[in-house]
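Work through the exercises below with the sequence and the model side by side. Try each task before reading its solution.

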Amino acid sequence: MTSLFSHSLFASNRTVAVLWDSGESDARFYTYSLVHRKLEVLLNHYGLMAEYFDVNDDGFKKSLVNPAKFYGLVTWFSDDETKNVKEVRGAYRDWFESKKKVLTLGQMGIFYDEKQETYDLKDINNTLKLVGLEYEDHQYETPLGLKIQINTSRENIEFERSFKFEVPAVKVFKSIDPKNEILVNIEDIINNKISPVVLRNEQLFMVHAGLDLFFNPLLRYTQWRVNPFMLMEWLVGDTNQPQPDTTTINGKRIYYGHVDGDAYINISDIDRTSISGKILLDQILEKYKLPTTISFVIAEIDLKLMGKTNYLETAKEIASKDYVELASHTYFHPLSWAVNPSQHDIDAYLDDPSKYKGGPILAYKPKDNKLLYEREIKSSLDYINQKIAPKGKESKLLLWSGSCEPPYEALQVIKKYGFLNMNGGDSRFDKDFPSYSHLLPLYRQVGDLIQYYSSNTNEIPYTSNWTGPFSGFSKVIETFENTESPRRMKPINIYYHFYSAEKRSSLNALDAVYKWVANQDVFPVFTSYYPPIIDGFRKSSIVKTGDFSYLLKDYGKLKTFRIDNLNFNPDYEKSKNIIGHRLINNSLYVFLGPAEQAELFLTKKKVRSIYLRWADYSFTKFDLSKDSLAVAGKSLMNKQINLYVGDLKIEDHNDIESVSYADGFATILFKSKSIDLTIRFKK
Ligand SMILES: [Zn+2]
């Protein structure tokens, strides 16, 4: 059990400081760091956010990561050379002295600078002894003769990958505090020595390099060795803590779908006559009517550029469907979002990088050959709203193109006009990438602005960059399944381009994906609904007010909190603005009503009062009394809600189509997707 004190700390500060090293290979931005690519998704799952500090920056000072400012410290370096190594050691020392939690994976970054000049064993050990460790100034050089000694469950240390013959060579430490819990030792059989490599105490969780991730160099996937959920549970410390949840609304898993405008005008192989946009509309969108957000690249539609009347007419036809939300996929489709592209972008986006003569890299070349963020963002959305959208439908959503690495200036344009943005991230978890380590976090932070990642990757990575097999996208269903059970990590997000309507096999794959989703118990939203949920995650405040009570505030559109402790139920008599709960996997999902703050009281008692188990509606009113429920709300698709009513019955009402009862629950089917009525309960 943790103290009340640490709860209030968590409530006021959900951000961990992360040290990363831009001097490591390929680590151009923090978004290439191991923490961002492998661990931040898990931090998010446990309600935590990450703020990154580059130790390779000349300006790095330990005071930047002052423990008073953060919930905890996380480090994960891939080599043991660190510029500013003295400051890094100093940062660890401050943290160890603060008694707050430090999670370190891989190399600790406290040993050498890049010239190996500042190696200072005394200073290293003065730092480590604060957490009961000593470095023995020695390293096992060869894995031969090494043996792994596991003192914990296999699930904890061979989470996605068993060790077999893969014992890593490691730095040799000595545990000097009997309170240290050593989960894994590496034993040097030849020299009869032993070194702890996975070790925890109240303050430190250390996972040595080689025990963190398995890298498959041939197939380029990674898998967790140490169980990252164990790391997170240690870091958060208490399973009663309600975590802001971005996967669920009113008891159902969120679904949203979005289409990048690429290939909209390409003639489809299906009939060799129609553009892919028309094929997608006729064969998928109209067939399933699942809410989907459709974007266009305006240069392809604008009659002054590449546009043709039938491109514009089809776009308008798509836009007229009530299950379609509109978005922009830019004007000229920037491939690099930099006005002066980096060598990385030149190599990535030009067929012949040697012929590059300067200037921006866009898929379509504007006359002035300029990358103008106002034009790509504001003008493209203006075009959508003025020329394509039917009356009453306004789009504010920009789906990033190309590198999906918008700089601060591009995000400023989004902010200036109150627009929303999405793309980037590329999460997947399937047979080819069989690991939680290929799931990305919710967002990328650029200064004080946010790029919202999509929840899944699209058909391009699933089809080997559109070289085939073109049926590859059906594998995204594996990702949907793996991110639902045993833990709900992500909503369902069908994300693709019009390319999918170009070929018979890709269209079949897309059809299979839509069919699968149509059979799931989901809460469909339009894509523009999702970034505000991420904002709710970032801003929500969770204040512990008593042993089993929490004040929840500033959550905005995020209306679900998760508790990983099944001993509790909401106490509806005491709680405020808590409208329901549902058990999913091994967690309790609690849903909030329309009010701007909520008080959650937990109880071990069985619930006897009326509550919501699930609903297809999001509510603008949910006023429950002993014998009635005044409720108003809207649904995009289905028309049911499920209430616990015990032995009560629902009175007939004009707006109610039918009611069925099972095990104390009433399922009400309404006549309309928009409701505003008072439901009365009777004996
Ligand atoms: Zn694109």
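**Exercise 1.** Determine how strand S20 and strand S21 pair, and over how many bridges.

Solution. Strands are DSSP runs of E with at least two residues and helices are runs of H or I with at least four, numbered from the N terminus. Two strands pair if DSSP finds at least two bridges between them. S20 covers residues 443-446 and S21 covers residues 449-452. The two strands are antiparallel, with four bridges. To check one bridge, start at Gln-445: its partner in S21 is Ile-450. Two residues lie between the strands of this hairpin, and Gly-447 has a positive phi near 60°.

Two points apply to every exercise. Residues are numbered from 1 along each chain as its sequence is written. The model is predicted: local features need pLDDT of at least 70, side-chain atom pairs count only at pLDDT 80 or more, and totals for chains, interfaces and linings use all residues.

**Exercise 2.** Give the strand order of the open sheet of four strands, and find its edge strands.

Solution. The order is S24-S25-S30-S27, and the pairing is antiparallel. Strand S24 (541-546) and strand S27 (569-570) each pair on one side only, which makes them the edge strands. Next, look at S24 and strand S25 (residues 549-553): five bridges join these antiparallel strands. Within this pair, Ser-541 is opposite Lys-553 of S25.

**Exercise 3.** Describe the hairpin of strand S32 and strand S33.

Solution. S32 spans residues 618-624 and S33 spans residues 628-634. Their pairing is antiparallel over six bridges. Three residues lie between the two strands. One bridge links Asp-623 to Ala-630 in S33.

**Exercise 4.** Compare the reach of helix H10 with its expected span, then find its kink and its buried residues.

Solution. H10 (residues 373-388) has 16 residues. The expected span is 1.5 Å times one less than the number of residues, and for H10 it is 22 Å. From first C-alpha to last, H10 reaches 21 Å, close to that value. A kink of about 25° is centred on Ser-379; the bend at a residue is the angle between axes fitted to the seven residues ending there and the seven starting there.

For burial, count the other C-beta atoms, placed from the backbone, within 10 Å of a residue's own: 20 or more means buried, 12 or fewer exposed, and in between partly exposed. The buried residues of H10 are Tyr-373, Glu-376, Ile-377, Ser-380, Leu-381, Ile-384 and Ile-388. Their cover includes helix H8 (309-319), helix H11 (408-416) and strand S16 (292-296).

**Exercise 5.** State how the chain is divided into domains and what domain 1 brings to its contact with domain 2.

Solution. The domains are domain 1 (15-238), domain 2 (244-531) and domain 3 (539-682), with bounds from an automatic or database domain assignment. The C-alpha centres of domain 1 and domain 2 are 37 Å apart. The contact involves 17 residues from domain 1 and 15 residues from domain 2, where two residues are in contact if their C-beta atoms, placed from the backbone, lie within 7 Å. On the domain 1 side, helix H2 (34-45) and strand S12 (221-224) each supply at least two residues. H2 gives the most, seven residues.

**Exercise 6.** Locate the cis peptide bonds at Pro-469 and Pro-486.

Solution. Gly-468 and Pro-469 are joined by a cis bond with omega of about 0°. Pro-469 sits in the loop between helix H12 (459-462) and helix H13 (476-482). The bond from Ser-485 to Pro-486 is also cis, with omega near 5°. Pro-486 belongs to the loop between H13 and strand S22 (492-497).

**Exercise 7.** Is Val-207 buried or exposed?

Solution. Val-207 lies in strand S10 (residues 204-208). Because 25 other C-beta atoms lie within 10 Å, Val-207 is buried. Leaving aside neighbours within four places in sequence, its contacts are Leu-105, Val-198, Asp-212 and Val-226.
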